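Q: Could you take me through one part of this protein closely, the open sheet and the helices that pack on it, and then set it beside a few other places in the chain? I am in my first year, so please explain each term when it comes up.

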Amino acid sequence: MSGYSEDALVEQPAIALLAELGWQTVRGRDLERETPADAILTARLRLALKRLNPHLPPAAIEQAVADITRDRSQMSLVAANREIYFLLKNGVRTNVPDPQDDGETVEAVRVIDWDQPANNDFLLGAQFRVAGEMHSRRADLVGFVNGLPLVLVELKAVHRRLETAYTDNLRDYKDTVPQIFWANALIILSNGSESRVGSITAGWEHFAEWKKVGGESEQGRVSLETMLRGVCEPARLVDLVENFTLFQEVGGGTIKLTAKNHQYLGVNNALSALRGGRKLGVFWHAQGSGKSVSMMFFAQKVLRKVPGNWTFVLVADRRELDGQIYQHFVASGVVTEGRAQANSSQHLRQLLTEDHRYVFTLIHKFRTEAGEARPVLSKRSDIIVITDEAHRSQYDTLALNMRTALPNAAFMAFTGTPLIAGEEKTRHVFGDYVSVYNFQQSVADGATVPLYYESRIPKLQLTNDDLNDDLEQLLEAAALDDAQEDKLEREFTRQYHLITRDERLEAIAQDVVEHFVGRGFRGKAMMICIDKATAVRMYDKVQKHWQEHLAAVQTERIAWLKETDMAVVVSPGQNEIADLAAKGLDIRPHRQRMNTEDLETKFKDPRDPLRLVFVCAMWITGFDVPSCSTLYLDKPMRNHTLMQTIARANRVYPGKASGQIVDYVGVFRNLERALALYGAGSAGDEPVRNKAALLAALQQVLTATSNLCRQQGVSLVAIQAAEQFARIRLLDEAVEALVAPEAIKRQFLDLANRVGRLYKAVLPDPAAGCLAVQVTPVQIIADKIRALKSPTDIAPVMQPVEDILDDSIVAAGYSMARESKSYSTDLSQLDVEKLSETFARHRIQTTNERFRWSVERKLLRFERFNPTRTDFRQKFQALIDAYNAGRLDPEEFLRQLVSFAQGLSDEEQRGVSERLNEEELAVFDLLTKPQLDLSAADRQKVKATAQTLLATLKSEKLALDWRKRQQARAEVRVTIERFLDEGLPTVYTPELFAQKTTAVFEHIYDAYYGAGRSVYAA
């Protein structure tokens, strides 16, 4: 198995590739540090600062080193990271004596050479151990740039589930050794076959693959090699850190944004286009894939890397979009001035004649008064105009006014939807696509979730095939004012009344309630209505059916149903109270809520009970709610408005497998016509798929699961047909067959997870009822397998074994052998033959799984007490690997597991024979292992040294919070050196003495928290 280990297949090839890319590689233990807690290599940092700032005096360098390396343990992790990031990006401001006037000047000390990446020091540390406040952790690979740990790489064996690198390792590192993340730029997780990269604040769902290195046209490939070449090549890494990093304030605090593969490639394409003329092209990245973040990356890189006094004019054609883009830039710290958003045409003209880095405006503010000549506002050639989702408004008078006002500006279109057939003018105005990241790529990369739609047109309504296209075109304006709504009702009376018939709305309201409460994933939802009056009417009808449902249901969901809140969100208008009253509707309570409550924040908060909103124009574009999973469409739409609307449900969110589009009006009948794209009109680019595809996907996974079970002798059909005790027996037999070997167990659990996610996404489709009989046994078996790992779920058959293990594999405590009787039961007393007979009457695979986890739990505690016991972990893992590989049958595995447990018992008895308690034995072992040629007298001398050293440290040096204070840490180290220097025999050479001093200090740091608290007292 050695050739298939994590080290052989993943870590060593990664180290070799990084060396090829220009990194110096060393073992983590060979890195020079002042203390094991240091994550920054201060000596290398100091040398780099001197090399990059030869004109600055030593005092300035030392001040910069102190600012970068100071203790930030009292700050939040992201605040510490942001503070160091800006020191790296902008330099450390230091006071330098001015020889001209005996005063001081402020100089910025460069920390990284952003322009010449080769001038920096790239060092890779393998197996880098860092000591935390209570524990120490060893990271697989850490990439240091000028002594700063900018890259952390956590690896798993090729057969391990990659997500465990995040759930088990990364989250633990953040808790135990946060200082390794203070300067971190990127985190890479990989098992060789799969690789993902993300920031310190990213959840697992936001860690992204990196599939392309050379450009968008190359074939994407998921691998560790692609990840390292695409992210860690020195010039690319420096570019990513400098130009593709943002800190954004959101509702839950601060998040760190780093570029995904498509953003990095697209922005750099745009930078290349900037050198080619005024038409920069169309930047098409699918809705939900981070388009506004790409805008900020683009602007940020232009300002830092392209000479010129650049100004960016960001243009939208809807007030909501304009406000959202502006807020994104402000929340990310990109815009810091308070006058960047034009509030009138006159204000826009003023802003464009002044010196601003950013100007935000609606295109409507380029209007002119009747008879007024179109003015030229700026002839500067360093203005870049970025239009967002403004397909309809870029060819008319307003667009001409904009180009007249800014005759020498460069223009780029950012869009989340493709160019629709008939929009040839867009290419004439902006140029060809500069970057393409379509729907299919976005879903494949996990940047968005897939969308599925189902048609639920009420039977009492025609299927609407002859609905007038003019109605769609009028509604596509989205933000209809009262006059437009009057025109709608006046000119399209037949079609309008067809949609707003009371019987039809009643049927839809009832269906919305049934669908909403029957979904598997309880995300937020939006009901999109044809106009303001219908939104209010639908709210009233849904509320009525909701209360009827609540009165009829008697389940555990009552509390959720009772607390669920709903709201109408529509734009205000003149005479709206009287106009809606004439239709028998009261908008006043809704308007009061909209005016007095922050409904937007409530709806965006996944914990808030506001879960269903009724809208007609507001919030259907430029409005991001990741937890929103369902859209109910009852409004004719087409083209970009349709595509932007459905994208409200495609954001990534934990537990959300897909978004659902429920179509009540037949808007998807012309979808293929809408998606007649330039050169990319393949079916794979469709933003939504029929829900039948989701059902087919679930059936496919169920078939794969059934086939796997059948190969292992498990019949899911037989389980479905059985009843009562017979069903229980078959379920237990299924667990026995699927729990081992490890590869089969993992494969089954992965399939079961997919079944669960897809089944939730299908609900509440009637077809789900038919599939439930197939889904349920899969979920039950998976739950039973997972429960084997739980320490509380131990079957009675295991209790005798557990009793023996509890007595045999337990810490010795502090009692001395001469003062007490033997404190453990020797496992040699076990009658293995008899135990095997007992297991044979039960299910040995299942029993072995429980037994394995029982020993594993005890081994973890065993290792914490004594860091020299790593050989036990290696033996245990080798035993597990042999069992999983099929080289040991279950009976032989049991025998060897019992033998291993006996070895643990013997190891604990060793402390008794040495007349040392567990704490003293740990220090003694650190001083004598690997085995040294010591006489009996020398061993006794080392033993006495270990005892007196530990007693002195505990009584005099290990005070409260000693690990946080530099002076206290230094005193502990000096005490260790003094006692060892006086007490160790001459066989300890200077080199060996230094190693032992460091090993003992690291153990004391890891195990003793201060003021009597330690791993032994836990």
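A: The answer below starts with the model itself, turns to the sheet, and ends with a hairpin and two arginines.

This is a predicted model, in which local features need a pLDDT of at least 70, side-chain atom pairs count only at pLDDT 80 or more, and totals for chains, interfaces and linings use all residues. Residues are numbered from 1 along each chain as its sequence is written, and side-chain values use heavy atoms, with hydrogens and water left out.

The pLDDT is the predictor's confidence in each residue, from 0 to 100; the protein averages 81, and 83% of the residues score at least 70. Among the elements of the protein, helix H7 (residues 234-243) has the highest mean pLDDT, 97, and helix H31 (residues 799-808) the lowest, 35. Over residues 790-842 the pLDDT is below 50, and this stretch has 83 contacts in the model beyond near neighbours in sequence, a contact meaning heavy atoms within 4.5 Å.

Now to the sheet. Helices (H or I, at least four residues) and strands (E, at least two) are DSSP runs, numbered from the N terminus, and two strands pair if DSSP finds at least two bridges between them. Strands of a sheet pair through backbone hydrogen bonds, either parallel or antiparallel. Here 6 strands form an open sheet in the order S13-S12-S14-S15-S11-S16, and the pairing is parallel. Strand S13 (358-362) and strand S16 (433-437) are the edge strands, each pairing on one side only. Neighbouring strands of this sheet are turned by 15 degrees against each other on average, direction ignored; for such angles, axes are lines fitted to C-alpha atoms, for helices over the stretch in contact, and angles run from 0 to 180 degrees between N-to-C directions.

Strand S11 (residues 279-285) is joined to S16 by 4 bridges, the two running parallel, and Val282 stands opposite Tyr433 in S16. Helix H8 (residues 261-274) packs on the sheet, where it touches S11, strand S14 (383-388), strand S15 (410-415) and S16, and its direction makes about 170 degrees with that of S11. Helix H9 (residues 291-305) also packs on the sheet, touching S11, strand S12 (311-316), S13, S14 and S15, and its direction makes about 175 degrees with that of S14.

An antiparallel pair is found elsewhere, where 7 bridges join strand S2 (residues 92-98) to strand S3 (residues 103-109). The bridge partner of Pro97 in S3 is Glu104. These two strands form a hairpin with 4 residues between them, and Asp102 in the turn has a positive phi of about 60 degrees.

Finally, the two arginines. Arg611 lies in strand S20 (residues 610-615) and is buried, with a relative accessible area of 10%; buried means under 20%, exposed over 50%, and partly exposed in between (1.4 Å probe, protein chains only). The side chain of Arg611 makes a polar contact of 2.5 Å with the side chain of Glu563 and one of 2.7 Å with that of Thr564. A polar contact is a pair of N or O atoms within 3.5 Å; within protein, one must be able to donate a hydrogen and the other to accept it, and residues adjacent in sequence count only if both atoms are side-chain atoms. Arg648, in the loop between helix H24 (639-646) and strand S22 (659-663), is buried with a relative accessible area of 1%, and its side chain reaches the backbone oxygen of Ile620 at 3.3 Å.
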